[in-house]
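Please open the model in your viewer and keep the sequence panel beside it. The tour below moves from one selection to the next, and at each stop it says what is to be found there.

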Amino acid sequence: MTTTSTPEGTTMGTPHDTPHDTQPRTDCAIDPDGRITFRLPPVPTARPRLLLRLRPKKGRPETHRHLLDLAPDPTGTHLHAVLEPDPALAEGRWDVYLLPEPEAERRRLRPGLRDLRALVDGHLRDRSAPVAVRIPYATKDGFLALRAWLRTAHAEARAIDVTDRAMTVTARLHGAGLREDATVRLRLRGTDTVRCLRPRIDDDAKGFSFTIGPEDLAADGEAADRIWDAFVRPTADAAPVRIGRLLDDVADRKHVYVYPAVTRNGSSLRPYYTVDNDLAIDEKKPHSPKCPK
């Protein structure tokens with residue numbers, strides 16, 4: 001199998017997607033190294049390929065594409081293509097298309113069976129830098145896509161324990177090591193405001209945990225509701241590393257993993273995962289009553 005990339009600005013087939021109810025279903029399986037094998041029914045053309053394209057932000061052009069050759073499998077009843085671990089996919093959501101011939105209209109594919117068993121315990125394996133992750137999933141409108149992350153280092157959240165007084169997050173760092181001067185940094189979204197905590201570091205300098213309560217974020221007395229994004233800084237002079245949950249088979253966990261809030265004196269903290277599976281904390285404080293006009 002060969003993999004090629006098309007340069008920015010080129011057009012691969014037509015930019016219009018065809019209706020999903022006519023598209024063939026595509027099975028896929030992923031191994032522990034991130035290698036994905038696609039399998040779909042044969043098509044009556046001589047040079048079919050799979051096209052993967054990074055979904056652009058609204059109003060932006062397509063910039064990243066990969067082509068995969070399709071070939072008959074040993075049984076001769078299906079076509080298959082393999083997406084190798086290297087090169088790593090750019091971070092984002094990749095849509096999967098069938099390109100029947102080089103100049104033909106691209107056809108978006110629907111998901112068949114997705115074998116993700118190799119990803120279930122992915123958080124138990126240490127990863128080296130850069131940390132590259134890919135998860136096949138079904139989009140809300142019923143198409144096959146890949147969710148990809150590519151980060152220099154990554155802190156994988158393993159457990160979040162919430163009590164009536166505080167929350168404790170247990171995590172493990174991949175692609176870097178922790179030193180004694182490591183800090184957990186909670187950054188107020190949209191600002192440069194940061195709260196720093198000293199984590200408890202495991203003997204292997206990879207695992208760590210930290211505990212936080214409402215009083216840890218309330219020092220400024222602000223009454224507005226706020227969002228804090230969670231990072232760990234491995235050493236005093238290192239760049240902060242995002243804390244999240246990427247190393248399993250869940251592509252979108254925001255509405256799947258829902259946690260209770262720590263509530264005290266009218267203030268509350270609730271951990272949650274963002275649309276990118278990164279860890280954040282939703283802080284709500286009591287609002288002062290408005291004076292009557």
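## First stop: a loop residue under cover

Begin by selecting Ala 251, which sits in the loop that runs between β20 and β21. Keep in mind throughout that what you see is a predicted model. Is Ala 251 buried or exposed? Its relative accessibility is 7%, and because buried means under 20%, Ala 251 counts as buried. If you now show its surroundings, leaving out residues up to four places away in sequence, you will find that Ala 251 touches Ile 135, Tyr 137, Arg 147, Trp 149 and Asn 277. Add Arg 93 to the selection as well: it is 158 residues away from Ala 251 along the chain, yet the C-alpha atoms of the two are separated by 9.9 Å.

Stay in this loop and select Arg 245, which also has its place between β20 (241-244) and β21 (262-264). Arg 245 has a relative accessible area of 12%, so it is buried. Its side chain reaches the backbone oxygen of Ala 157 at 3.5 Å. Beyond its neighbours within four places in sequence, the residues in contact with Arg 245 are His 123, His 154, Glu 156, Ala 157, Arg 158, Arg 253, Tyr 273 and Asn 277.

## Stepping back to the whole chain

Now clear the selection and display the chain as a cartoon, in which you can look for 23 strands and zero helices. Of the 293 residues in the chain, buried ones make up 45%. When contacts between residues at least 6 apart in sequence are considered, 65% of them join residues at least 24 apart. The accessible surface of the chain comes to about 15100 Å², and 52% of this belongs to carbon and sulfur atoms.

Colour the model by confidence next: the mean pLDDT of the chain is 88, and 88% of its residues reach 70 or more. Over residues 1-20, however, the pLDDT is below 50, although this stretch has 50 contacts in the model beyond near neighbours in sequence. Where pLDDT is low, the predicted coordinates should not be read in detail.

## An open sheet and another strand pair

Which strands form the open sheet, and in what order? Select five of them, and you can follow the order β6-β7-β3-β2-β10, with mixed pairing. The edge strands are β6 (71-72) and β10, each of which pairs on one side only. Strands of a sheet pair through backbone hydrogen bonds, either parallel or antiparallel. Zoom in on β6 and β7 (residues 79-83), which pair in the antiparallel sense over two bridges, and there you can pick out Pro 72, whose bridge partner in β7 is Leu 79.

Then turn to β4 and β5, a pair that is also antiparallel, with five bridges. Here the bridge partner of Arg 49 is Asp 69 in β5. Strand β5 (residues 65-69) is mostly covered, with four of its five residues buried.

## The nonpolar cores

Select Phe 38, Leu 83 and Leu 146, the residues with the most contacts inside the largest nonpolar core, which has 33 residues. Strands that each supply at least two residues of this core include β2 (25-30), β3 (36-40), β8 (92-99) and β12 (144-151), and β12 gives the most, with five residues. Leu 146 on its own is a good centre for the view, for among its contacts beyond four places in sequence are Ile 36, Phe 38, Leu 52, Leu 83, Trp 94, Val 96 and Ile 135. Apart from this core lies another, of 29 residues, among them Ala 157, Leu 186, Leu 197 and Val 262.

## Last stops: a strand residue and an exposed loop residue

Select Thr 183, which has its place in strand β15 (residues 183-188). Thr 183 is buried, since its relative accessible area is 13%. Not counting neighbours within four places in sequence, Thr 183 is in contact with Leu 197, Arg 198, Pro 199, Phe 231, Val 232 and Arg 233.

Finish at Ser 128, in the loop between β10 (110-115) and β11 (131-138). Ser 128 has 58% relative accessibility and therefore counts as exposed. Its C-alpha atom and that of Leu 173, 45 residues apart along the chain, are separated by 9.9 Å.

Note on methods:
Residues are numbered from 1 along each chain as its sequence is written. This is a predicted model: local features need pLDDT of at least 70, side-chain atom pairs count only at pLDDT 80 or more; totals for chains, interfaces and linings use all residues. Side-chain values use heavy atoms; hydrogens and water are left out. Buried means under 20% relative accessible area, exposed over 50%, partly exposed in between (1.4 Å probe, protein chains only). Two strands pair if DSSP finds at least two bridges between them. A polar contact is a pair of N or O atoms within 3.5 Å; within protein, one must be able to donate a hydrogen and the other to accept it, and residues adjacent in sequence count only if both atoms are side-chain atoms. Contact means heavy atoms within 4.5 Å. A nonpolar core is a set of buried Ala, Val, Leu, Ile, Met, Phe, Trp, Tyr and Cys residues joined through side-chain atoms within 4.5 Å. pLDDT is the predictor's confidence in each residue, from 0 to 100. Accessible areas come from the Shrake-Rupley method with a 1.4 Å probe; for residues, only the protein chains shown count as cover.
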